[in-house]
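Here's a walk through one protein chain, feature by feature. Keep the structure open while you read and click along.

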Amino acid sequence: MTVADQREAPDRAARQTPGAPSQVVRAEAVIDLTAIAANTRLLLTRMRAVNPRAELMAVVKADGYGHGALPSARAALAGGANFLGVATPQEALELRAGGIDAPVLAWLWPAGEDIAPALVAGVELGISSLDHLTAVLAAGSADRRPRIHVKIDTGLGRNGVGPRDLGAVLDAVAAAERSGRLSVAGLMSHLASADVPDDRSVAEQTLAFRAALGLAASKGIQARWHHLANTPAVLDHPDTFFDLGRCGIGLYGINPVLTPAGLRPAMTLRGTVALTKRVPADYGVSYGLTYRTSTETTLALVPLGYADGIPRAASSVGEVWLRGRRRRIAGRVAMDQVVVDCGDDPVEAGDDVVVFGPGDAGEPTADDWATACDTIAYEIVTRIGPRVPRRYVGESADGAGDLAERNADVRGPLVGGSDQGDQVGDHGDAHQSSDDPGGDR
């Protein structure tokens, strides 16, 4: 019995007619909402051990890192997050359309974009330049005063106001706030190397952020939120906490640092063997015939390919869990399918295949796939394509729409609680998966 069988059997049984055969799927991503809620609670608890008043922004951009933005947002709110973060205003509007009324921040948009719908929906916007500020002021109104977060580049060299322009932008922001045209909800920055052990840039950026906060205060800007810490910083760098942590990848159970944390991976990618065949020795497999069988063997066809998000870089190196053991992909990953060499094992069409999961039964994890493909686990989970359906299990899987309502104190930007009574089980941490940090990468 595979990990998918063990953890999903009750859910399957509840959804099937008695006596009906087990559901056979080409592929699906099973998302454990309980894990997302528990991971959120764990990260928030870690921050509050240092700052009891700290709150957490759950980053659900890129469709919740491939897990589904709406269900992930609701699970994170149930776990104690009081704020949601996305990259684009459109992502924020999708949350609003789904009934999410918690505070939402979107920080990546061109100054020419139509942001009026986002402002009407009460979305808070990040600004990184005078052009952004001008656009926000043009789209705002007396009855729709924009709430903004000034994003400050403290050394990452990407989005954010650079050192040369910071004084002028803060002057303009302060003047606009004094005139009642906007409200400064937050000051924020993003760390470049919080997941790199002993990297000096973390301390340098933290000092630069503190200096920027001092400059803003000297100009009369008193923001409610100050946020710098991402997932790796929450796990390893308490000096970066301030009063709001902005966590992304950790919510989904992927640990970007070496420090054990007890995070549980939320996604299990599974499929079904569509075909098996017996072939002789020296039989070529898949495009380019880069793999040839060493003996007579059984080949199993798994109908998942790079159109579904399986990296082509996994050719001949990626492993799946099939019939109680890991088995390596034989040859090239194709658009719709991969092949596994199963030797003389009794593999049959209809057998369950786990591409990656939490690792409970020995199946590969997203981190294992990242290592095999020389990438990061973020990419493995976010690239799973739209033709792979998501199925939600665990906490409120049948009533995810009620999760936010069960956390009434996440309704406004100044409040937000979490139930600290629940304990997070230590199901094993992922290994360091990247040279890139979590949060709003």
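## Aromatic pairs

Both F83 and W225 are buried. Keep in mind that the model you're looking at is predicted. F83 and W225 form an aromatic pair, with 6.3 Å from centre to centre and 80° between the planes, which is an edge-to-face arrangement. F83 belongs to strand β3 (residues 83-86) and W225 to strand β8, so this pair ties together parts of the chain that are 142 residues apart in sequence.

The structure holds three aromatic pairs, and another one of them involves F209 and F242. Here the ring centres are 5.1 Å apart and the planes sit at 90°, so F209 and F242 also form an edge-to-face pair. F209 is in helix α9, while F242 is in the loop between α10 (231-236) and β9 (244-247), so the parts tied together are 33 residues apart in sequence. Are F209 and F242 buried or exposed? Both of them are buried.

## Charges over rings

W225 has a second partner to look at. The charged end of R224 sits over the W225 ring, 3.9 Å from its centre. You'll find another arrangement of this kind at W107: R246 lies over its face, at 6.0 Å from the ring centre.

## Around strand β7

Now move to β7 (183-188). How many of its residues are buried? Six of six, so to speak: β7 is mostly covered. On one side of the story is strand β6 (residues 147-151), which runs parallel to β7 and is joined to it by five bridges. If you want a spot to zoom in on, I148 has V184 in β7 as its bridge partner. Between these strands comes helix α8 (residues 163-178), and β6, α8 and β7 together make a right-handed β-α-β unit.

β7 also pairs with strand β8 (residues 225-227), again in the parallel sense, over three bridges. There, M188 stands opposite H227 in β8. With helix α9 included, β7, α9 and β8 make a right-handed β-α-β unit as well. So β8 carries W225 of the F83 pair, and β8 is also a bridge partner of β7.

## A216 in helix α9

Helix α9 is also the place of A216. This alanine is buried, with a relative accessible area of 0%. Which residues does A216 touch, once you leave out those up to four places away in sequence? The answer is L170, L187 and I221.

A216 also has a C-alpha atom 8.3 Å from that of A174, although the two residues are 42 apart along the chain.

## Helix α11 and its covered side

Helix α11 (residues 366-373) has five buried residues to click on: A366, D367, W369, A370 and C373. Why do they end up on the same side of α11? They cover an arc of only 160° around the axis, which puts them there together. The background is helix geometry: an α-helix has 3.6 residues a turn, so residues three or four places apart point the same way.

What do the buried residues of α11 pack against? Their neighbours are β15 (319-322), β18 (352-356) and α12 (377-382). Just after α11 comes D374, which has a positive phi, near 55°.

## More positive phi values

A62 is worth a look too, since its phi is near 50°, a positive value in a residue other than glycine. A62 is found in helix α3 (residues 61-65), and its relative accessible area of 41% makes it partly exposed.

D198 is another non-glycine residue with positive phi, in this case near 60°. D198 lies in the loop between β7 and α9. Is D198 buried or exposed? At 80% relative accessibility, D198 counts as exposed.

## The chain as a whole

Zoom out and you have a chain with twelve helices and 19 strands. Of its 441 residues, 56% count as buried. As for contacts between residues at least 6 apart in sequence, 70% of them join residues at least 24 apart.

Key:
Residues numbered from 1 in each chain as written. Predicted model: local features only at pLDDT ≥ 70, side-chain atom pairs only at ≥ 80, totals over all residues. Heavy atoms only, no water. Buried < 20%, exposed > 50% of the residue type's maximum accessible area, 1.4 Å probe, protein only. Helix = DSSP H or I, 4+ residues; strand = E, 2+ residues; numbered from the N terminus. Arc of directions from axis to C-beta. Contact = heavy atoms within 4.5 Å. Pairing = 2+ DSSP bridges. Right-handed = clockwise from strand over helix to strand, strands pointing away. Phe/Tyr/Trp six-rings, centres within 6.5 Å; stacked < 30°, edge-to-face > 60°. Lys NZ or Arg CZ within 6 Å of the ring centre and 35° of its normal.
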